[in-house]
Amino acid sequence: MNQKSLQDVDWSKIPAPNDDGAAAHLVGLAIPKVSLRATDDTMVTLSALQGRTVVFGYPRTGEPGKVALVEDWDMIPGARGCTPQTCSFRDLFGELKAAGASQVFGLSTQSNDYQIEMASRLHLPFPVLSDEKLELTHALDLPTMEVAGLTMIKRLALIVDDARITHVFYPVFPPDRNAADVLAWLKDNRV
């Protein structure tokens, strides 16, 4: 399948993920001391950050005009929508900050080089973290899926206050509304 448009999606034709309970253990966990490479070429240690941090995780962003990872990518519940989710955080970035997010990060298991291209193409105002070695994914036991021999994070968003997870959005569907849902939560739960 050719990825003509990564943003124009009819969500009524895409299967929604079910809550499999794979994120139920996350609220209350301390973020482990793991450093991840960011698209701004820094190393980010989420456990060292003060204040409120928003981290949204996703399986894999696509590339316009490129063939999908697998033919039935769109039919895998929770797979389609990484670019719309990322763009929604981009578009609401200023409002998220105004509502109390000290930092916003994207997170996937894609390589930093891959993510640098995507961050530039989408004009992201925040860094995206690469957990290519699955260090944070394994340390937190984040929900994952296996596709084409790759381990990918299932779509979620974490609210982290002073290095402790205080809220989790999971499952996330449709992905393009995730940032608005996070923003509404931030407004209702100001610190």
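These notebook entries concern salt bridges and the exposure of the residues that form them.

**Entry 1. The search.** I worked with a predicted model. I searched the whole structure for salt bridges and found 7. I then looked up several of them, including the pair Arg80 and Asp74.

**Entry 2. Arg80 and Asp74.** I noted that the side chains of these two residues meet in a salt bridge, with a distance of 3.0 Å from N to O. Are the partners buried or exposed? Arg80 has a relative accessible area of 9% and is buried. Asp74, at 11%, is buried as well. Both values fall under 20%, and therefore both residues count as buried.

**Entry 3. Arg90 and Asp91.** I recorded a salt bridge between the side chains of Arg90 and Asp91, at 2.8 Å from N to O. For Arg90 I read a relative accessible area of 24%, so this residue is partly exposed. For Asp91 I read 52%, which makes this residue exposed, because the value is over 50%.

**Entry 4. Arg121 and Glu117.** I found a salt bridge here too, with the closest N and O atoms 2.9 Å apart. Where do the two residues lie? Arg121 and Glu117 both belong to helix H3, which covers residues 112-121. They are 4 residues apart, so about one helical turn separates them. I also looked up their exposure: Arg121 is partly exposed at 24% relative accessibility, and Glu117 is partly exposed with a relative accessible area of 34%.

Terms used
Residues are numbered from 1 along each chain as its sequence is written. This is a predicted model: local features need pLDDT of at least 70, side-chain atom pairs count only at pLDDT 80 or more; totals for chains, interfaces and linings use all residues. Side-chain values use heavy atoms; hydrogens and water are left out. A salt bridge is a side-chain nitrogen of Lys or Arg within 4 Å of a carboxyl oxygen of Asp or Glu. Buried means under 20% relative accessible area, exposed over 50%, partly exposed in between (1.4 Å probe, protein chains only).
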